[in-house]
Amino acid sequence: MSFKFKFSIYIIMIVLAMFILIVILDQYAALRNMNRDMERLMQQASSQLSASFEQYPDWSESAELRSDPDFEPNVMQLLLKKLYPDLEEVTVFRPDATGDLSDQQVIYGTYSIREASDKSYASQAVKSGFEVREIKLDGKEYVKSYYSDESIAPFVIGMVYDCEEYKQIMSMKRWDAITYAGIILLFVLVNSYLLAGFMLRPLNAILWKVNEVSLGRFQTAIKVRGKDEFGLLALKINAMSQNLSIYMDKLRQAFEDNRQMKEYLQSFIDHTSDAIHVVDLQGKTIQVNKAFEQLFGFTSEEVFGEEIELIPDTHRGEMRLVLSSLQEGKVLPAQETFRMTKSGEVIPVSVTISPIRDTEGVIQAFASITRDMRSRNRMEELLRRSEKLTTVGQLAAGVAHEIRNPLTTLRGFLQIQQHTGKMNQEHTGLMLSELDRINLIVGEFLILAKPQATRFATKDVRDVFRSVLSLIDSEGHLHNVTFKTSFTEAACLVSCEENQLKQVFINLLKNGIEAMPSGGRIHTHIASKNDQITISITDEGIGIPEDMIPKIGNPFFTGKESGTGLGMMISQRIIHSHQGLMEIKSQVNVGTTIIITLPALKEDNGSGILVEGLLGQNTNVG
């Protein structure tokens with residue numbers, strides 16, 4: 001059913017309800033007015049008839065007088081019946097007699113339309129003067145009146161009026177009202193339908209526009225013909241359509257960008273050489289790539305929705321610690337560890353684990369990127385061998401060069417003594433000095449070349465450095481050098497080989513003492529920050545030229561007249577074996593600063609191995 005028809009029906013219902021209410025009120029008012037008019041007429045007629053009896057004082061006792069045609073009440077009765085054709089009968093009776101009203105109690109007129117309650121109404125009329133009521137007798141409706149006044153008391157004049165004509169008049173009025181209502185309703189129906197069509201014309205345009213927008217067509221705008229509410233709605237619809245067109249273009253572009261990005265990421269995941277797999281919080285695998293299948297030997301169908309064992313038993317505690325750190329919000333770098341393939345082979349890998357969060361920042365899964373380190377480890381081993389051979393060659397060349405010079409001196413002096421046959425004490429002293437130099441070079445070379453059995457233990461760097469200072473403090477006093485220390489109060493635990501670390505500190509402090517021929521101060525600062533221990537040694541010596549700093553650590557490169565260059569090389573090698581870094585900063589005639597950085601250990605981690613984290617954490621990630 002269309003809105004126009006609904007609107008017309010609604011208007012008709014309202015008009016019909018109003019018309020029915022008006023008809024009811026009109027009928028009620030007409031009925032009430034007619035009843036009042038009838039009562040008034042019947043009372044007037046009864047009063048006139050009562051007045052006609054006043055001229056005959058003995059009328060109630062003379063039957064001949066009452067039957068006389070010229071008797072005034074008879075004439076009045078005929079006149080009333082002519083004036084009121086529906087007047088059925090006129091009766092004069094005396095209600096104060098005992099028993100019910102009977103023909104003997106009727107003094108004048110007829111009494112054919114009678115009821116048992118006539119006597120009581122007549123008695124009331126004697127007191128009130130006039131009473132009227134409606135009765136229904138033999139299927140017909142009548143109006144009966146009872147009138148009495150002082151002129152005829154104790155007699156009562158009763159009149160009966162037939163209501164048939166009265167009912168016909170009311171029925172005619174009712175049908176006239178219904179006819180008028182039908183005409184009016186038809187008129188209202190046609191006009192309301194036309195009015196609804198006129199009023200809904202702008203709404204039809206709006207509906208058409210909404211349908212166009214629902215189909216994704218935003219170009220055509222609604223023609224606004226008015227400034228009423230529909231016109232304002234049309235303007236808003238046009239604005240909404242324009243905004244939707246802009247947003248749809250942006251959404252299409254964003255969708256296309258997302259599609260391209262998804263394809264790009266999927267292509268990256270599928271074609272990268274690193275194994276990628278994603279697990280949920282229960283440790284069940286939800287996605288793997290082809291590189292994962294090739295590295296671990298599983299197929300995607302085998303692992304989807306399953307918990308697979310990739311982590312060796314020896315590394316489960318390490319994995320729990322990683323997961324605990326990720327849940328605390330930490331960002332972890334790539335970690336070199338071991339994983340187990342489907343066949344049970346344990347392989348070295350580099351693993352990067354990252355949490356996958358939802359829009360509220362809650363972790364939903366973990367993504368692991370695993371890189372096979374077997375090829376790289378083989379290459380590093382080959383590089384180490386190559387570097388060893390290169391170093392051996394450099395050392396051999398350096399040792400040969402350094403030993404050849406004093407040997408040349410020795411040969412020359414010996415040839416002179418052989419030729420002269422005499423021993424020169426001055427020459428002997430120089431030859432002994434050259435022999436000592438050869439012994440020094442060979443000793444340092446043996447220290448460098450001899451395999452060192454290292455046994456790492458947890459030590460506090462501050463204690464190691466204090467023991468070195470106690471040994472070298474006397475040598476510092478001989479050269480007028482004082483040591484200034486600034487150590488943090490926090491624990492500075494490292495995993496180290498104590499003697500090697502002492503050798504590094506001794507070499508650096510000796511270099512500082514030798515760099516200050518006139519004496520001075522050596523400042524030492526030890527601090528702990530961001531899981532690292534920093535040892536800073538600063539002298540006030542002659543400094544190192546900037547172009548020489550990159551060459552320090554090369555075999556036999558030194559800035560000292562009596563140096564071999566092997567001390568700094570050994571020190572750097574020791575620091576690197578402790579997973580640390582050594583940095584040199586220097587300024588000529590100002591001083592030199594050596595900064596050593598070592599990885600710190602927690603106080604509850606004495607073994608230097610990662611401790612187990614949350615024991616309840618699933619460890620199948622990565």
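How many bridges join strand β16 to strand β17? In this predicted model, the count is seven, and the two strands, residues 581-587 for β16 and residues 591-599 for β17, run antiparallel. One of the residue pairings is easy to pick out: E583 has I595, in β17, as its bridge partner. Between the two strands come three residues, and the whole arrangement is a hairpin. Look in the turn for N589, whose phi is positive, at about 65°.

Next come the aromatic rings. The structure holds nine aromatic pairs. Take F53 and Y108: their ring centres are 5.4 Å apart and the planes meet at 90°, which makes the pair edge-to-face. F53 belongs to helix α1 and Y108 to strand β2 (residues 106-109), so this pair ties together parts that sit 55 residues apart in sequence. Are these two rings buried or exposed? F53 has a relative accessible area of 2%, so F53 is buried, given that buried means under 20%. Y108 is buried too, with a value of 4%.

A second pair brings together F465 and F487. Here the centres lie 6.2 Å apart and the planes stand at 85°; because an angle over 60 degrees counts as edge-to-face, that is the label for this pair. F465 is in helix α12 (residues 461-478), while F487 is in strand β12 (residues 481-487), and the pair links these distant parts of the chain across 22 residues. Both F465 and F487 are buried.

Back to F53 and Y108 for a moment: these two also belong to an aromatic cluster, together with Y56 and F71. Another ring has a charge for a partner. The charged end of R94 sits over the ring of F155, at 5.7 Å from the ring's centre.

Helix α1, which covers residues 3-53, turns up in other places as well. A51 is found in this helix. With 38% relative accessibility, A51 counts as partly exposed, because that label covers values between 20% and 50%. What separates the C-alpha atoms of A51 and S151 in space? The distance is 7.3 Å, although the two residues are 100 residues apart along the chain.

I22 is in helix α1 too. Along with Y10, I14 and M18, I22 makes a nonpolar patch on the surface, with an area of about 420 Å².

Notes
Residues numbered from 1 in each chain as written. Predicted model: local features only at pLDDT ≥ 70, side-chain atom pairs only at ≥ 80, totals over all residues. Heavy atoms only, no water. Patch = residues over 30% accessible without salt bridge, like charges linked within 9 Å, V, L, I, M, F, W, Y side chains within 5 Å. Areas by Shrake-Rupley, 256 points an atom, 1.4 Å probe, with all protein chains shown as cover. Salt bridge = Lys/Arg side-chain N within 4 Å of Asp/Glu carboxyl O. Helix = DSSP H or I, 4+ residues; strand = E, 2+ residues; numbered from the N terminus. Pairing = 2+ DSSP bridges. Phe/Tyr/Trp six-rings, centres within 6.5 Å; stacked < 30°, edge-to-face > 60°. Buried < 20%, exposed > 50% of the residue type's maximum accessible area, 1.4 Å probe, protein only. Lys NZ or Arg CZ within 6 Å of the ring centre and 35° of its normal.
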